[in-house]
There are 2 protein chains.
Amino acid sequence: MNGKAAHRVVIVGAGFGGLNAAEALAGASVRVTVIDRKNHHTFQPLLYQVATAGLSPGEIAAPIRSILRRHRNVEVLMAEVTGFDLERRVVQTADQEVPYDSLIVAAGASHAYFGHDEWETLAPGLKTIEDALEIRRRVLLAFELAERHASAGESRDPLNFVVVGAGPTGVELAGTLAEICRHALAHDFRSIDPRLTHIHLVEGGPHVLPAYPEDLSRSALQQLQRLGVEVLTSTVVTQIEPGIICMGETRMKAAVILWAAGVAASPLGKKLGVPGDRAGRVLVEPDLSIPNHPEVFVIGDLAALKDASGKMLPGVAPVAILQGRFVAKLICRQIHREMELARTSPAQPEPAPRPAFHYRDKGNLATIGRAAAVAQFGKIHISGFMAWLAWLFVHILFLIGFRNRVLVFIQWAWSYATYERGARLITGSTSLPGWSGLHSENPGPSEAEQEMSVAIHK
Amino acid sequence: MNGKAAHRVVIVGAGFGGLNAAEALAGASVRVTVIDRKNHHTFQPLLYQVATAGLSPGEIAAPIRSILRRHRNVEVLMAEVTGFDLERRVVQTADQEVPYDSLIVAAGASHAYFGHDEWETLAPGLKTIEDALEIRRRVLLAFELAERHASAGESRDPLNFVVVGAGPTGVELAGTLAEICRHALAHDFRSIDPRLTHIHLVEGGPHVLPAYPEDLSRSALQQLQRLGVEVLTSTVVTQIEPGIICMGETRMKAAVILWAAGVAASPLGKKLGVPGDRAGRVLVEPDLSIPNHPEVFVIGDLAALKDASGKMLPGVAPVAILQGRFVAKLICRQIHREMELARTSPAQPEPAPRPAFHYRDKGNLATIGRAAAVAQFGKIHISGFMAWLAWLFVHILFLIGFRNRVLVFIQWAWSYATYERGARLITGSTSLPGWSGLHSENPGPSEAEQEMSVAIHK
């Protein structure tokens, strides 16, 4: 390395993009620092299984430093990044500054409530392990509270669960919740019947899975309805209050409301000081760097880039993975070139032309429930059991860490055979928004609170 | 049932005692209501595995209602019991009263801080899944923060962990923490060396495992020292502050302090209005009922009862299990007798004489770490690998639920072969008591905070 200190790469965020960049840089003559505010990488495509008590958090998440342990040139810092100083080339955290030569920002995305941030506590979204545990807590607790009410001689009205947004996450959640009510919980209660629970899936657009071809959307709708999900398309949520959801004129009691409707890029995108799109994503150059800073890259859900046909790249794991590897390769190539030039000519090298990132869509998969899914591989569209098998295969295959993979497979085989959910634990607080009446020291049935549901379609 | 409504048994608490009472009453001509403030039964002997990231919560806990699902005469309520009205024979919860004919109180025990309740947040104990997750969070976070400090060029002093109390739980925690530092975490950090972590086990009495025969105590001490645990006997904790523990003149920096020193009976014991012992346990009659209320029983850790030799029965699972079954049998026998008498004579029956509960100690097992344990079966004392195998066998055998048993076994086999800890997730808050300096907006190394440890033995 010609006596020079090694080129320092800082990667912010250890999701699919960041982790793949780090692995692609392992063994190269660079020093890599991965910074994440969590200590674990989360396999987001299976988060809904934690939220619905099918898997434990430890089965879909692994410590970042144990994933990267064997790469001696990679260090991991658990810290919250607060900003960047692009001139001085440092990443700022609460208690230190981390200098870089190349920076990869892969901070991902979180929920968007379209200007209604106050809805967040009433209708949690699903992006982190904590989110998933919170949803699990609310769903299980809703049944426990309903059983308690019914046992005390109060209302036995069935529960309403509402999932807002019919993208892949909303569809997964609604389908799996419907299954749990029909099977896993069916015989566990004495005073209520979970099989009567209404699962509503509310979508603003005209179709479920709007990003999918129309025949697959239609198939997904049928599969959802077969599972007992009540799908409301072209329906916009106008208000959420504790235990209540409003869609235009319709006001509905809802024991649990889940948010799967919008995605907002990480606020770290804005801190780079370069133009972004409406969702807060950074408008990157074709090589994924930001304007005027060829040493700074943005990848994954935080990057806004169009493919050759002018369509925005989707915020899915395969895009992030390929971008992570692409950027790592660019950095390695550049270091190599600089070293070559330093040997042959002492002058400052001209920046080399860089290739553009290209994404070839290999297909899309969305699961709906037990043996229910849709899949698109180019022109091939499949649905039902075969699509579900494809989904299962791909997801188990890509789950990070051998141990998790085996265990998840066993869990799944067991769940499939028995309809059992293995992780039905309520941990944390035992209160639920909209059920506050239950927890006052002064009891007494609140009839109004018990009055479930009103006409949904007027 | 002669037209009379079925005899109603209410069981408060679904630990080992309550659950076994419920199972023994399943199918009898009684209606059983199990009330617990959690939705899950926790297999407490393995909680330390969750606290030390070896197992996930879902692997040692199962929903109470799924354990009791097949018993149609048993219902489960998730509710917090607030008191009892023994005259009207009702159990009071926040939002309803639950009437009973027979009452079994099995509310267990929690930590005692000997008049220093303010230590609880600084030195958490280990009784619930939430406790275990909190301990896991603190232990893992301590390493992350130390790595961050060291990476920023600050102190690289090794960490101090302190476990207070060398009963079975304290010994398990200290031994397992020592193993984690030596193996699971050994190669995961770049700026600190977890193998240098000091694990202190502080015990007020002269021996570790004070309830065990002296030769086993001695063996346990040796096994702990072989794992690298620094054992301080005859040492009393006099003060705990954020990040600091004081033992007489000695003041020691401690990144994590865990409390395994004292047990206090559930406050529900006092609400029965009958005499208790110093730890708050209820002084029960030989048949486990309370004075003047033959229809009210107290079992498990909440009951204080001496065996034939005048020794207090220990607060362990086998005692609670046998007591639960014993009380269930008493209730069934009494109902049977009443039904017989109602047929033959209409007069109010005289109370029948009841047998006394006897406990024959079958043995004691305490694990220390990988292949390290002590076991006592009557006069047979064993330690080391054979004791550990016995411990493993007994605990896996009794783990509730077939599915959990198989998975736990796989986890263990995997951990044993690889030294890997599968559940190393930090969830929840990312702050740690005693590390507050790290989270201020205004950074800067606080040298004083970094100064670890002082003379332990003056």
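Begin by selecting A:Ile104, which at 0% relative accessibility counts as buried, and keep in mind throughout the tour that the model on screen is a predicted one. A:Ile104 belongs to strand E9 of chain A, residues 102-105. If you then add A:Val10 to the selection, you will find a residue 94 positions away in sequence whose C-alpha lies 6.2 Å from the C-alpha of A:Ile104. Setting aside its neighbours within four places in sequence, A:Ile104 is in contact with A:Val9, A:Val10, A:Ile11 and A:Val12, with A:Ala21 and A:Leu25, with A:Phe297 and A:Ile299, and with A:Val327 and A:Ile331.

Now widen the view to the whole of chain A, whose secondary structure comes to 11 helices and 25 strands. Of its 458 residues, 55% are buried, and among contacts in this chain with a separation of 6 or more, 66% are between residues 24 or more positions apart.

The next stop is residues 81-99 of chain A, where strands E6, E7 and E8 form an open sheet in that order, with antiparallel pairing. At its edges are E6 (81-85) and E8 (97-99), each of which pairs on one side only, and neighbouring strands are turned by 25° against each other on average, with direction ignored. Between E6(A) and E7(A), the latter covering residues 90-93, there are four bridges in the antiparallel sense; to see one position in this pairing, select A:Phe84 and look across to A:Val91 in E7(A).

Move on to strand E15 of chain A, residues 244-247, and show its side chains. A:Ile244 and A:Cys246 point one way while A:Ile245 and A:Met247 point the other way, and all of them are buried. Such an arrangement is what one looks for in a regular strand, where side chains alternate between the two faces of the sheet.

On one side of this stop, strand E14 (residues 239-241) pairs with E15(A) in the antiparallel sense over three bridges, and A:Gln239 has A:Cys246 as its bridge partner. The hairpin of E14(A) and E15(A) has two residues between the strands, and A:Gly243 there takes a positive phi near 80°. Then follow E15(A) into strand E16 (residues 250-253), with which E15(A) pairs in the antiparallel sense over four bridges; here the bridge partner of A:Cys246 is A:Arg251. This second hairpin also has two residues between its strands, and A:Gly248 in the turn has a positive phi of about 60°.

Further along chain A, select residues 364-383, where three strands form an open sheet in the order E23-E24-E25 with antiparallel pairing. E23 (364-369) and E25 (380-383) stand at the edges with a single partner strand each, so one side of each is left without a neighbour in the sheet. Neighbouring strands here are turned by 5° against each other on average, direction ignored. E23(A) is joined to E24(A), residues 372-377, by five antiparallel bridges, and A:Thr367 is paired with A:Ala373 of E24(A). Add helix H9 (residues 385-398) to the view: H9 of chain A lies across E23, E24 and E25, running at about 110° to E23(A).

Finally, turn to chain B and select strand E1, residues 7-12. Six of its six residues are buried, so this strand is largely enclosed by the rest of the structure. B:His7, B:Val9 and B:Ile11 point one way from E1(B), and B:Arg8, B:Val10 and B:Val12 point the other way. E1(B) runs parallel to strand E2 (residues 30-36) of chain B, to which six bridges join it, and B:Val10 has B:Thr33 as its bridge partner in E2(B).

From there, select helices H1 (residues 16-25) and H8 (residues 317-344) of chain B, which pack at an angle of about 35° with their axes 7 Å apart. H1(B) passes H8(B) in a right-handed crossing. The contact involves, among others, B:Phe16, B:Ala21 and B:Leu25 of H1(B) and B:Ile321, B:Arg325 and B:Cys332 of H8(B); by class, it has 10 nonpolar, three polar and one charged residues.

Two cysteines close the tour. Which of the two accessibility classes, buried or partly exposed, does B:Cys332 fall into? At 24% relative accessibility, B:Cys332 counts as partly exposed, whereas B:Cys246, at 8%, counts as buried. A search for disulfides over all chains comes to zero.

Methods
Residues are numbered from 1 along each chain as its sequence is written. Chains are lettered from A and ligands numbered from 1 in the order in which they are written. This is a predicted model: local features need pLDDT of at least 70, side-chain atom pairs count only at pLDDT 80 or more; totals for chains, interfaces and linings use all residues. Side-chain values use heavy atoms; hydrogens and water are left out. A disulfide is a pair of cysteine sulfur atoms within 2.5 Å. Buried means under 20% relative accessible area, exposed over 50%, partly exposed in between (1.4 Å probe, protein chains only). Axes are lines fitted to C-alpha atoms, for helices over the stretch in contact, and angles run from 0 to 180 degrees between N-to-C directions. A crossing is left-handed if the near helix is turned anticlockwise from the far one by less than a right angle, and right-handed if clockwise. Contact means heavy atoms within 4.5 Å. Ala, Val, Leu, Ile, Met, Phe, Trp, Tyr, Cys and Pro count as nonpolar, Asp, Glu, Lys and Arg as charged, and the others, Gly among them, as polar. Two strands pair if DSSP finds at least two bridges between them.
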